[in-house]
Amino acid sequence: MKNNFFDEAAKTWNTPKKLDRSREMYEIILENLASKDTSSLKALEIGAGTGNLAALLSKHFSRIDCIDSSEGMRKEFSKHKEELGIDNIEVYDEGFWETSDNKYDFIYSLSAFHHIVDVDKELKLIYEHSHKDSIFFLIDLCPVPRAFHSEVPDFDGHDGFSKEEIEDYFKINSWKLCKYEIIKHGKKEDISFDIFLAIGEKL
């Protein structure tokens, strides 16, 4: 099962390469938020993993709540948080959507959406948990061959997203697509891939 894969992978997730990627994405997020004072804002991260990105962003927000479906990832997140002495980030399982009525000023996700089967449902939940002037940053894969996910058993997600797909997802779920750009090129074994940033504002 997919969750079992991530539960086990969590134990060795924080490689230098993944830590560098989190720092790179952190810089890109801050660059795109440069015109906003975020110090009093509440943020929500979808698919937080071991919490690397949330830890970096924690000093810029009043609070960051995070969601991850993998118990192993959540355990590593909690360890990481305690080691760094960060008290304004917390991680929850997917039950958070049903138990919380919190609304957020800034919602973001890094390379998690292609693992989400029902993207429309997720975007609706994000919309319901956001303020009227909230901003949504989606960072994820452009289309890749199915083999890109060969290490994940029974992978049932998406092989990345085209710009047209993102435009449709945002429009259907009442997010205005304000910006779309390719922010990173990479190679995994012999497969080249691109990472995009899509920025949405709540309609």
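In the predicted model examined here, Glu165 lies in helix α7, which spans residues 163-172. Glu165 is partly exposed, with a relative accessible area of 35%. On the surface, Glu165 gathers with Glu164, Glu167 and Asp168 in a patch of negative charge. A residue enters such a patch if its relative accessible area is over 30% and it takes part in no salt bridge. The value of 35% for Glu165 is therefore over the 30% cut-off.

Helix α7 also has a buried side. Ile166, Tyr169 and Phe170 are its buried residues. When the helix is viewed down its axis, these buried residues fall within an arc of 95°, so they line one face of α7. An α-helix has 3.6 residues a turn, so residues three or four places apart point the same way. The face of α7 turned away from the buried side carries exposed residues, namely Glu164, Lys171 and Ile172. Glu164 thus appears both on this face and in the patch of negative charge.

Within the buried set, Ile166 was considered further. Ile166 lies in helix α7 and has a relative accessibility of 1%. Ile166 counts as buried because this value of 1% is under the 20% cut-off. With respect to Ser39, Ile166 is 127 residues away in sequence, and the two C-alpha atoms are 29 Å apart in space.

The backbone was examined next. Most residues other than glycine have a negative phi, and most peptide bonds are trans. Two serines have a positive phi instead. Ser111 is not a glycine, yet its phi is positive, at about 55°. Ser111 is located in the loop that runs between β4 (104-110) and α6 (119-128). With a relative accessible area of 16%, Ser111 is buried.

Ser174 is likewise not a glycine, and its phi is positive at about 65°. The loop between α7 and β6 (175-188) contains Ser174. Ser174 is partly exposed, its relative accessible area being 28%. Under the cut-offs used, buried means under 20% and partly exposed means between 20% and 50%, so the 16% of Ser111 and the 28% of Ser174 place these residues in separate classes.

Salt bridges were then considered. Side chains of opposite charge can pair when their charged atoms come close. The structure holds 10 salt bridges, and some of them are described here. In one of them, the side chains of Glu8 and Lys11 meet with an N to O distance of 3.2 Å. Lys11 is exposed, with a relative accessible area of 56%.

A further salt bridge joins the side chains of Asp65 and Arg63, at 2.8 Å from N to O. Asp65 counts as buried, at 2% relative accessibility, whereas Arg63 counts as partly exposed, at 27%. Lys81 forms a salt bridge with Glu90, and the closest N and O atoms of this pair are 2.8 Å apart. Lys81 is buried, with a relative accessible area of 17%, while Glu90 counts as partly exposed at 24% relative accessibility. In the pair of Asp65 and Arg63, the buried partner is the acidic residue Asp65; in the pair of Lys81 and Glu90, the buried partner is the positive residue Lys81.

How values were computed
Residues numbered from 1 in each chain as written. Predicted model: local features only at pLDDT ≥ 70, side-chain atom pairs only at ≥ 80, totals over all residues. Heavy atoms only, no water. Patch = residues over 30% accessible without salt bridge, like charges linked within 9 Å, V, L, I, M, F, W, Y side chains within 5 Å. Areas by Shrake-Rupley, 256 points an atom, 1.4 Å probe, with all protein chains shown as cover. Salt bridge = Lys/Arg side-chain N within 4 Å of Asp/Glu carboxyl O. Charge placed at Lys NZ, Arg CZ, Asp CG, Glu CD. Helix = DSSP H or I, 4+ residues; strand = E, 2+ residues; numbered from the N terminus. Buried < 20%, exposed > 50% of the residue type's maximum accessible area, 1.4 Å probe, protein only. Arc of directions from axis to C-beta.
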